[in-house]
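Trainee: Please take me through the ligand site at close range, and then set it beside the open and closed spaces of the protein. I would like to follow the polar contacts first.

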Amino acid sequence: MNGHSILKYVFFDIIRNKWLVIYTAVLFALCSGIIYLSRDETKSIASILNIVLIIVPLVSIIFGSMHFYNSKEFIQMLLTQPVKRSAIFKAEYTGIAISLSFGFIIGAVTPLLFTGISKAIFLLLFAGIFLSLIFSAIAFYFSISIDEKVKGIGILLFLWLFFSVLFDGIILLFYLMFSDYPLEKFTIFFTLLNPVDISRIMIILNLDLSALLGYTGATFLKFFGSASGLIITIVSLCLWVIIPVFLANKKFKRKNF
Amino acid sequence: MIKISRLNKTYNKLKALDNVDLFFEKGEIVALLGPNGSGKTTLLKSILGLVLPESGDIFVNGKNIKRDFRYREMIGYMPQTASYPENLKVEEVLKIIKDIRNKKEYEDELMKELKIEEMYCKKINALSQGMKQRLSAALTFLFDSDIIILDEPTAGLDPASADYLKMKILKEKTKGKLIIVTTHIISEVEELADRFIFMHEGRVKIEDGIDKLKVQNNGFRKSISNLFKEYEWS
Ligand SMILES: Nc1ncnc2c1ncn2[C@@H]1O[C@H](COP(=O)(O)OP(=O)(O)OP(=O)(O)O)[C@@H](O)[C@H]1O
Ligand SMILES: [Mg+2]
């Protein structure tokens with residue numbers, strides 16, 4: 001059997017999962033609500049951005065790991081048959097990544113389309129898809145490595161908290177401690193270590209919301225607003241997908257079932 | 001048909017397989033014996049590629065199975081605990097596996113005898129343990145594979161199904177297949193096996209027992225129980 005038919009069964013399984021539908025519906029309700037309540041387009045995009053940055057990584061992590069843990073029997077069944085391990089991994093990851101991206105597009109992007117097409121929507125689409133791909137890959141890596149479901153999901157939730165909240169706190173602390181030094185360049189580098197921050201800054205700077213960034217905004221704007229900055233942003237987001245996918249695949253190939 | 005050389009597998013410092021060397025020929029039924037935790041399942045899973053050993057090689061029909069997957073076409077495997085996707089119906093599981101194997105002809109004798117059709121519309125999580133075992137047994141023989149690997153096949157089966165399965169094993173042997181079976185039921189070894197392998201703490205202790213024990217005057221069963229006792233205290 002080739003990878004396509006495994007993918008078919010993975011999709012068949014995911015589509016029957018009610019949580020994907022709930023995720024899409026909640027996202028849709030939230031985003032439509034925001035658009036309806038605040039008539040100011042830039043403001044509503046900023047609010048939607050904040051929701052997307054919190055919810056998309058969280059749902060990708062939980063949905064990705066739950067799916068992997070629940071698919072263990074299916075995977076074991078396939079592994080006793082003449083099927084290549086990497087074909088199973090590819091099908092599972094592709095299935096999750098595509099489903100989460102579609103959930104995001106339908107839930108968060110379609111309500112925005114009613115306000116008209118803008119650069120902001122395009123950027124949000126871009127960021128949401130990347131975050132879905134990145135965090136489901138991270139979820140796969142840890143679910144493959146850790147057999148106990150509770151422990152695996154626990155670690156993943158901590159990681160989500162780290163990237164969404166703690167990371168910025170640590171940088172701020174660092175900033176305050178070394179406030180006498182010119183640290184803007186370091187901050188830019190640190191930002192690239194957090195996919196949530198990359199996405200946030202990419203959108204904020206391109207939407208002229210950079211006043212929100214305080215006094216480092218100028219340096220950021222100079223970097224992320226430039227052409228080379230944009231390329232570096234895209235490259236680092238791609239690396240944030242490729243590296244976890246690569247590591248997860250490697251783990252999967254060596255796992256004992 | 002299967003050659004295993006210097007196979008080692010460790011689970012966090014515990015040696016589950018310790019330098020295992022074995023050879024299996026076609027047309028024989030080999031019983032794999034040993035106390036709980038002696039490494040029987042680990043050995044069988046290594047042959048299937050479910051467990052990846054640290055060192056050593058396994059050859060199936062002369063080909064090293066490392067990084068290969070096609071050789072599993074030749075194997076029908078019944079795991080110790082059957083695992084199928086819980087939310088699928090029996091019918092769907094069968095469809096998927098047939099789709100994977102992509103074979104036109106089926107050996108569906110067991111499907112009838114083990115009454116699999118009756119549970120077609122049931123979901124896997126609605127099956128009893130024994131029903132799952134029956135499904136698993138039927139699937140093992142479905143593709144007429146040259147190598148049949150059975151990990152405690154009769155555990156949990158009702159007597160009628162167990163007898164039927166044993167008969168099937170003997171019948172398949174006459175087709176020239178290799179059958180490897182683990183069991184804790186000594187009478188089964190006597191009924192089925194041409195020889196047995198005895199494992200203890202990951203090591204092969206006896207490789208071709210049976211004829212010697214069968215002719216000993218105190219009987220086969222007693223001899224095997226003695227064997228288990230001997231290693232229990234070592
Ligand atoms: N996934 C695993 N993680 C850690 N240790 C394991 C794992 N699987 C097996 N072991 C250990 O490896 C050893 C061999 O186990 P194995 O399942 O091969 O035994 P067995 O001979 O099949 O036993 P039984 O007769 O109970 O089926 C045992 O000590 C077991 O605890
Ligand atoms: Mg076992």
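Mentor: Let's begin with the term: a polar contact is a pair of N or O atoms within 3.5 Å (within protein, one must be able to donate a hydrogen and the other to accept it, and residues adjacent in sequence count only if both atoms are side-chain atoms). This is a predicted model, in which local features need pLDDT of at least 70 and side-chain atom pairs pLDDT 80 or more, while totals for chains, interfaces and linings use all residues. Residues are numbered from 1 along each chain as written, chains are lettered from A and ligands numbered from 1 in written order, and side-chain values use heavy atoms, without hydrogens or water.

Now to ligand 1 itself. The side chain of Asn36(B) places an N or O atom 2.9 Å from an oxygen atom of the ligand. From Ser38(B) it is the backbone that takes part, with a polar atom 3.2 Å from an oxygen atom of ligand 1. Lys40(B) brings in its side chain: one of its polar atoms is 2.7 Å from a ligand oxygen. As for cover, ligand 1 on its own exposes 640 Å², and 64% of that is buried by the protein (Shrake-Rupley areas, 1.4 Å probe).

Step back a little and the shell comes into view. Strand E2 (14-24) and helix H1 (40-48) of chain B are the elements that each give two or more residues to the shell around ligand 1 (DSSP runs, numbered from the N terminus: helices are H or I with at least four residues, strands are E with at least two). Of these, H1(B) gives the most, with 3 residues. In total 14 residues surround ligand 1, and Asn36(B), Gly37(B), Lys40(B), Thr41(B) and Thr42(B) come nearest (a residue counts if a heavy atom lies within 4 Å). So two of the polar-contact partners, Asn36(B) and Lys40(B), also belong to that nearest group. By class the shell has 8 polar, 4 nonpolar and 2 charged residues (nonpolar means Ala, Val, Leu, Ile, Met, Phe, Trp, Tyr, Cys or Pro; charged means Asp, Glu, Lys or Arg; the others, Gly among them, are polar).

Next come the spaces found over the protein atoms alone. On a 1 Å grid, a cavity is a set of points where a 1.4 Å probe fits but cannot get out; a pocket is an open set with protein on both sides within 12 Å along at least five of seven lines, and lining residues have an atom within 4 Å of a point. Points join across faces, edges and corners, and probe spheres set on them fill the volume.

The largest pocket holds about 930 Å³. Its lining counts 30 residues, and those nearest the centre come from both chains: Lys253(A) and Arg254(A), with Leu52(B), Lys66(B) and Arg67(B). Chain A contributes helix H5 (85-113) and helix H11 (227-253), and chain B contributes strand E1 (2-11) and strand E4 (55-60), as the elements with two or more lining residues. E4(B) leads here with 4 residues. Charged residues number 13 in this lining, against 9 polar and 8 nonpolar.

The second largest pocket encloses about 750 Å³. It is also lined by 30 residues, with Asn17(A), Trp19(A), Phe63(A), His67(A) and Asn70(A) closest to its centre. Two or more lining residues each come from H1 (3-15), H2 (18-37), H3 (41-70) and H4 (72-79), all helices of chain A, and from helix H2 (90-101) of chain B. The largest share, 8 residues, is that of H3(A). Here the classes run to 19 nonpolar, 6 charged and 5 polar.

Finally, the closed space: the structure has 1 cavity of 30 Å³ or more, and its volume is about 30 Å³. Chain B supplies the wall, made of Ile29(B), Ala31(B), Val181(B), Thr183(B), Glu188(B), Val189(B), Leu192(B) and Ala193(B). Strand E3 (29-33) and helix H6 (186-192) of that chain each give two or more of these residues, with H6(B) giving the largest share, 3 residues. The wall divides into 6 nonpolar residues, 1 polar and 1 charged.

For the wider setting, chain A has 11 helices and 0 strands, whereas chain B combines 8 helices with 10 strands. The C-alpha atoms of chain A fill a box of roughly 60 × 45 × 35 Å along the principal axes, and those of chain B span about 50 × 40 × 35 Å.
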